[in-house]
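Please open the model in your viewer with a cartoon representation and keep a residue selection tool at hand. The tour goes from the whole chain to its sheet, then to a loop, a helix and the cysteines.

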Amino acid sequence: MERVYRLLREWLTTALLPPGEFLSEAALAERCNTSRTPIREACSRLAQDKWLSLIPRKGYLVKPISVRDIVELYDFRKLLECYSAERAAQTANPEHIAQLKTIVTIENDRKPDVEKVLIANETFHLHLADIAGNQRVIDQLRLSLGYVRRLDTLCTQTVPGWIGHKDIIRAIEARRPAEARKAMATHIELSLDKMIRLFSS
């Protein structure tokens with residue numbers, strides 16, 4: 001079941017199963033080369049994670065995206081990630097800083113692979129939470145960043161470009177917690193503005 005769950009979740013985060021799509025257990029079982037039981041268990045778990053809605057006796061619906069969902073998601077991100085940035089500015093060592101810089105080096109490429117950029121973005125934010133050292137924040141952020149990656153995937157298909165991380169790293173390296181918090185808040189607000197423009201049009 002874990003293999004099927006991870007596979008379906010990857011398809012959801014990368015929008016291979018796009019918002020609004022209807023999913024039947026039989027079709028998913030065939031696509032995943034498995035029986036209906038692990039599909040049912042995985043979909044039940046994904047419904048608990050708010051990826052899917054159960055349609056009784058029919059199947060599942062990939063939850064559509066609303067502007068309200070996006071605003072609530074990014075508000076929650078701000079709570080988690082401003083804390084992480086502030087805490088990282090207090091605790092990060094030179095090795096942590098070097099790792100953060102390495103993760104986002106792809107942003108400097110002239111024509112970077114978009115999928116690699118999105119993976120690097122998710123890795124950066126999770127690594128920052130790891131440096132902050134609060135496991136509950138890490139767990140909640142991992143779930144939230146799955147939703148963010150889907151939004152980013154859909155967004156970059158329509159609007160090129162992304163929001164960089166240099167200001168966040170600079171503040172953390174300078175050991176300025178308040179500045180790191182502010183840089184993260186700005187980063188998330190810019191991302192939110194981009195999403196709202198796209199999904200409200």
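## The whole chain

Colour the cartoon by secondary structure and follow the chain along its sequence, where the pattern reads α-β-α-α-β-β-α-α-α-α-α-α. That amounts to nine helices and three strands, and the reader should keep in mind throughout that this is a predicted model. The radius of gyration is 18 Å, close to the 17 Å that the globule rule gives for 201 residues, so the chain is as compact as a globular protein of that length. If you align the view with the principal axes, the C-alpha atoms fill a box of roughly 55 × 35 × 30 Å. Buried residues make up 44% of the 201 residues, and among contacts between residues at least 6 apart in sequence, 77% join residues at least 24 apart.

## The sheet

Select the three strands next, which form an open antiparallel sheet in the order 1-3-2. Strand 1 (22-23) and strand 2 stand at the edges with a single partner strand each, so one side of each is left without a neighbour in the sheet.

Begin with strand 2 (residues 52-55) and strand 3 (residues 59-62), whose antiparallel pairing runs over four bridges. To see one of the pairs, pick S53, whose bridge partner in strand 3 is L61. These two strands form a hairpin with three residues between them, and R57 in the turn has a positive phi of about 65°.

Then move to the other side of strand 3, where its antiparallel pairing with strand 1 runs over two bridges. Selecting L23 shows this residue opposite Y60 in strand 3.

## The loop at H165

Now centre the view on H165, which is placed in the loop between helix 7 (135-158) and helix 8 (166-173). Is H165 buried or exposed? With a relative accessibility of 1%, H165 counts as buried, because it falls under the 20% cut-off.

Display the side chains around H165 and look for two polar contacts, one with the side chain of E107 at 2.5 Å and another with the side chain of N121 at 2.9 Å. Expanding the selection to residues in contact with H165, and leaving aside its neighbours within four places in sequence, brings up V104, E107, N121, F124, H125 and H187.

## Helix 9

H187, which is in contact with H165, is also one of the buried residues of helix 9, and this gives a route to the next stop. Helix 9 (residues 177-199) has 23 residues, and a distance drawn from its first C-alpha to its last reaches 33 Å, close to the 33 Å expected at 1.5 Å a residue.

Colour the buried residues of this helix, which are A180, A183, M184, A185, H187, I188, S191, L192, K194, M195 and L198. When judging how they are arranged, recall that an α-helix has 3.6 residues a turn, so residues three or four places apart point the same way.

## The cysteines

As a last step, select the cysteine sulfur atoms: how many disulfides does a search of the whole structure find? The search finds zero. C43, for instance, is in no disulfide, and its nearest cysteine sulfur, that of C32, is 8.3 Å away. C43 counts as buried at 1% relative accessibility, and C82 is likewise buried, with a relative accessible area of 2%.

How values were computed
Residues numbered from 1 in each chain as written. Predicted model: local features only at pLDDT ≥ 70, side-chain atom pairs only at ≥ 80, totals over all residues. Heavy atoms only, no water. Pairing = 2+ DSSP bridges. Expected span 1.5 Å × (residues − 1). Buried < 20%, exposed > 50% of the residue type's maximum accessible area, 1.4 Å probe, protein only. Disulfide = S-S within 2.5 Å. Polar contact = N/O pair within 3.5 Å; in protein donor to acceptor, adjacent residues only side chain to side chain. Contact = heavy atoms within 4.5 Å. Rg over C-alpha atoms; globule rule 2.2 N^0.38 Å.
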